[in-house]
Amino acid sequence: MPATASESIKASDIPDTPLPYAGIRVVEFTHMVMGPTCGLLLGDLGAEVIKVEPPEGDNTRRLLGSGAGFFPTFNRNKKSIALDLKTPEGVEAALRLIATADIVSENFKPGTMKKLGLDYGTLKARHPRLIYVSHKGFLPGPYEHRTALDEVVQMMGGLAYMTGRSGDPLRAGTSVNDIMGGLFGAIGAMAALRQRELTGCGMEVQSALFENNVFLVAQHMMQFAATGQAAAPMPGRISAWGVYDVFTVKDGEQIFLAVVSDRQWAVFCQAFGLQALLADPRLTTNNDRVRAREWLMPLLRAHLAGRSAADLSAVFEANALPFAPIVQPEQLFDDPHLNATGGLAPVRMNDGSLSKVPLMPFTLGGRRPGIRLQPPLLGEHNRELLQELGYADDAIAAFQSAAAKP
């Protein structure tokens, strides 16, 4: 949804208090989602993040369909420099840039950075304080040679099995491993910065899609370890709570309703005139209600079917019971809570228009880390950065010319 002119970012909107990673320079050789997410978090927290792009730009500047929003989502608070790493001049400029960095972040295929002479093994001899973050499909081991995608690791890591119905594995509805893998890479970089304070030395940090996915499904692995029974796919699971479902109500609307404690059960029954169920000894505890779901849920569905979703929402909210409307992503642009709390900020889209984008889901001193720099144009900061690295005007012009070629 477009942002209005009054919502455009102003210098006065940015607090004077330095952000926690102000003064840290990150040079990222990243593309798509995983690597850029790492830089996104560090940039939002104040780091100067320099995105090294090929002359044609990060491919996510041109993606369609589900990838159309990747670039503006994951590349705010960054500068862009366009370098052709297939040429000695491009690699030399990258090496000069790395010499000024605290952190290098990359998510190329295994071996690519080594071929360029930009791998950690090569760089740490020159820059022992450098922190080097690699985002891969797999941590080193038998699978590390494989090409991984979010969907690949969801399938082989049990998440697609748990998301879909039995016999119908289904990818989760967002790039969960790419995004979380990038966040774990950033957390590793933060830990390495603290370690450098203690030792004076940098280190390599590795984050991987497959291992991230396994971490996500650990609760289902441990359910098996605890019970000896394999976890069923989520649509067919045995819920831990008696009432924890999507209900279809008046005019075909849907709403998620939950009653997850014995106290809530009493409140729910009293609010909806279900005193007979409250007095039923077969439904005394949550575990009793779980065992009774086969006959209990049809009764509750029939009892609530004539109520509207808005009416049910009002009653559940008034009684502090968990509920949720079924919302599509595009409806979140108008969410009153997100807009009232500053959870959305104006961002420049690939075509130059403004929209809103979600900010990081935490506050520092009561503020959400905001947008200091809009997602950069390709090579937008070439001149600034190359001058800083000691390049003369004619050399800068040559880089600019190479970046301008189709």
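**Reading salt bridges and cores**

Q: What does Glu384 count as at 36% relative accessibility?
A: Buried means under 20% and exposed over 50%, so Glu384, at 36%, counts as partly exposed in this predicted model. Lys79 comes out at 14%, and therefore counts as buried.

Q: Which residue forms a salt bridge with Glu384?
A: For a salt bridge, look for a side-chain nitrogen of Lys or Arg within 4 Å of a carboxyl oxygen of Asp or Glu. Here Lys79 is the partner, with the closest N and O atoms 2.6 Å apart. Glu384 sits in helix α17 and Lys79 in strand β3, so this pair ties together parts 305 residues apart in sequence.

Q: How about a pair with both residues buried: which side chain meets Asp44 in a salt bridge?
A: That's Arg76, at 2.8 Å from N to O. The pair links distant parts of the chain, with Asp44 in helix α1 and Arg76 in the loop between α2 and β3. Both residues are buried.

Q: How many residues does the largest nonpolar core have?
A: When you read a core, ask who is in it and who supplies it. This one has 27 residues, and Phe29, Ile81, Leu83 and Leu118 have the most contacts inside it. Elements each giving at least two residues include β1, β2 and α17, while α3 brings the largest share, six residues.

Q: What does Ile81 touch?
A: Leaving out residues up to four places away in sequence, its contacts include Ile50, Val52, Leu97 and Leu385. There's also a second, separate core of 24 residues, with Trp265 and Phe316 among them.

How values were computed: Residues numbered from 1 in each chain as written. Predicted model: local features only at pLDDT ≥ 70, side-chain atom pairs only at ≥ 80, totals over all residues. Heavy atoms only, no water. Core = buried A, V, L, I, M, F, W, Y, C linked by side-chain atoms within 4.5 Å. Buried < 20%, exposed > 50% of the residue type's maximum accessible area, 1.4 Å probe, protein only. Helix = DSSP H or I, 4+ residues; strand = E, 2+ residues; numbered from the N terminus. Contact = heavy atoms within 4.5 Å.
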